[in-house]
Amino acid sequence: MLAAYYSIGANAEKLFEGLEIERNPTFKQHLNKHPVIYFDLPALKDSWNELDGRKPTLVKYIKRVLLDELSEEYPEIKIAPRQPLRNAMIAVSSHLK
């Protein structure tokens, strides 16, 4: 529900029709106006389990997947594959302001 409410890529106004949040004065101010990182942990774990050879830790794998996806979504931002995830997210956030 949080991703549906905040995510730029969603069109969720009808989903919240008749609910209390719709009466909140800031409802439309934030509805589908923010970038949201969403990942399905079981699916990530399954793809990690399918890796052949030497596997990174699951946390390192998630970081790599997130950096790859940020690079694809924001090609205009230079995101190095081994940079700290925090730095990549700050760069994306700064770009969106």
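Begin by selecting Pro 56, Lys 60, Tyr 61, Lys 63, Arg 64, Leu 67, Pro 81 and Arg 82, the residues that line the second largest pocket of this predicted model. The space held by this second largest pocket comes to about 220 Å³, and if you colour its lining by class you will find four nonpolar and four charged residues, with no polar residue in the set.

Next, move to the largest pocket, whose volume is about 350 Å³. Its lining is made up of 15 residues, and a useful selection to centre the view on is Val 36, Ile 37, Leu 70, Glu 73 and Tyr 74, which lie nearest the centre of the pocket. Showing the helices α4 (58-73) and α5 (85-96) as cartoons will help with orientation here, since each of them supplies at least two residues of the lining of the largest pocket. Coloured by class, the lining of the largest pocket shows ten nonpolar residues, together with three polar and two charged ones.

From Val 36, one of the residues nearest the centre of the largest pocket, you can step across to Ser 7, with which Val 36 is in contact. Ser 7 sits in the loop that runs between α1 (2-6) and α2 (27-30). Is Ser 7 buried or exposed? Its relative accessible area is 18%, and because buried means under 20%, Ser 7 counts as buried. To see what surrounds Ser 7, add Leu 2, Asn 32 and His 34 to the selection beside Val 36: these are its contacts once neighbours within four places in sequence are left aside.

Definitions and conventions: Residues are numbered from 1 along each chain as its sequence is written. This is a predicted model: local features need pLDDT of at least 70, side-chain atom pairs count only at pLDDT 80 or more; totals for chains, interfaces and linings use all residues. Side-chain values use heavy atoms; hydrogens and water are left out. On a 1 Å grid over the protein atoms alone, a cavity is a set of points where a 1.4 Å probe fits but cannot get out, and a pocket is an open set with protein on both sides within 12 Å along at least five of seven lines; lining residues have an atom within 4 Å of a point. Grid points are joined across faces, edges and corners, and a volume is the space filled by probe spheres set on the points. Helices (H or I, at least four residues) and strands (E, at least two) are DSSP runs, numbered from the N terminus. Ala, Val, Leu, Ile, Met, Phe, Trp, Tyr, Cys and Pro count as nonpolar, Asp, Glu, Lys and Arg as charged, and the others, Gly among them, as polar. Buried means under 20% relative accessible area, exposed over 50%, partly exposed in between (1.4 Å probe, protein chains only). Contact means heavy atoms within 4.5 Å.
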